[in-house]
Amino acid sequence: MKEKELRRSLAVFSIGTVMKLTDLSARQVRYYEERDLITPQRTDTNRRMYSLNDVDRLLDIKDYIAEGWTVQAIYNHYKKPKEEHEHKPLTDDDVRRILYNEILNQGGFVQPDESGYSGQHH
DNA sequence: TTTCTCACA
DNA sequence: TGTGAGCA
């Protein structure tokens with residue numbers, strides 16, 4: 001049943017609608033796009049169009065920001081784990097790795113782990 | 001009217 | 001991040 005997923009990915013909201021739905025400023029929404037936290041589509045006239053998934057993610061991002069997360073940390077949060085967040089089985093090592101990474105980036109002293117994390121950290 | 005990009009008394 | 005300019 002992949003139809004739902006498809007519909008959730010349909011870009012149907014204008015930035016104005018997204019602003020109301022997320023209570024974020026257009027500036028913020030565009031900024032998060034610039035940081036690759038979301039990737040809305042564009043119309044033939046260069047207008048941004050957001051999907052249900054985009055709005056959903058924006059809502060999450062809003063919470064993370066409120067909790068003090070760095071855009072960089074959030075970026076890695078979405079980039080790294082394939083099994084995403086909550087409800088999925090993660091091994092202890094996965095959790096430790098993800099946490100380690102996010103905590104480091106949180107401080108802003110480390111570059112976003114692009115090496116993909118080759119080694120172990122204890 | 002709304003959104004876009006760019007730039008900052 | 002906000003805000004205003006000048007377009008589309």
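**Close-up views of the DNA contacts**

Of the DNA strand C atoms within 4 Å of the protein, 33% belong to sugar or phosphate and the rest to bases. The model is predicted: local features need pLDDT of at least 70, side-chain atom pairs count only at pLDDT 80 or more, and totals for chains, interfaces and linings use all residues. Residues are numbered from 1 along each chain as its sequence is written, chains are lettered from A and ligands numbered from 1 in the order in which they are written, and side-chain values use heavy atoms, with hydrogens and water left out.

**View 1. Surroundings of DNA strand C.** Ser25, Arg27, Gln28, Tyr32 and Arg47 surround the strand (near: a residue heavy atom within 4 Å of the strand). By class, the surface near DNA strand C has 1 nonpolar, 2 polar and 2 charged residues. Tyr counts as nonpolar and Arg as charged.

**View 2. Polar contacts to DNA strand C.** A polar contact here is a pair of N or O atoms within 3.5 Å. A polar side-chain atom of Ser25 lies 2.7 Å from a phosphate oxygen. The side chain of Gln28 places an N or O atom 2.7 Å from a phosphate oxygen. Arg27 reaches a base oxygen, at 3.0 Å from a polar side-chain atom.

**View 3. Surroundings of DNA strand B.** Around this strand are Ser14, Ile15, Gly16, Arg30, Arg42, Asn46, Arg47 and Arg48. Of the strand's atoms within 4 Å of the protein, 77% are sugar and phosphate. The nearby surface has 1 nonpolar, 3 polar and 4 charged residues.

**View 4. Polar contacts to DNA strand B.** A backbone N or O atom of Gly16 lies 2.8 Å from a phosphate oxygen. For Asn46, a polar side-chain atom is 3.2 Å from a sugar or linking oxygen. An N or O atom in the Arg47 side chain is 2.7 Å from a base oxygen.

Technical notes:
A polar contact is a pair of N or O atoms within 3.5 Å; within protein, one must be able to donate a hydrogen and the other to accept it, and residues adjacent in sequence count only if both atoms are side-chain atoms.
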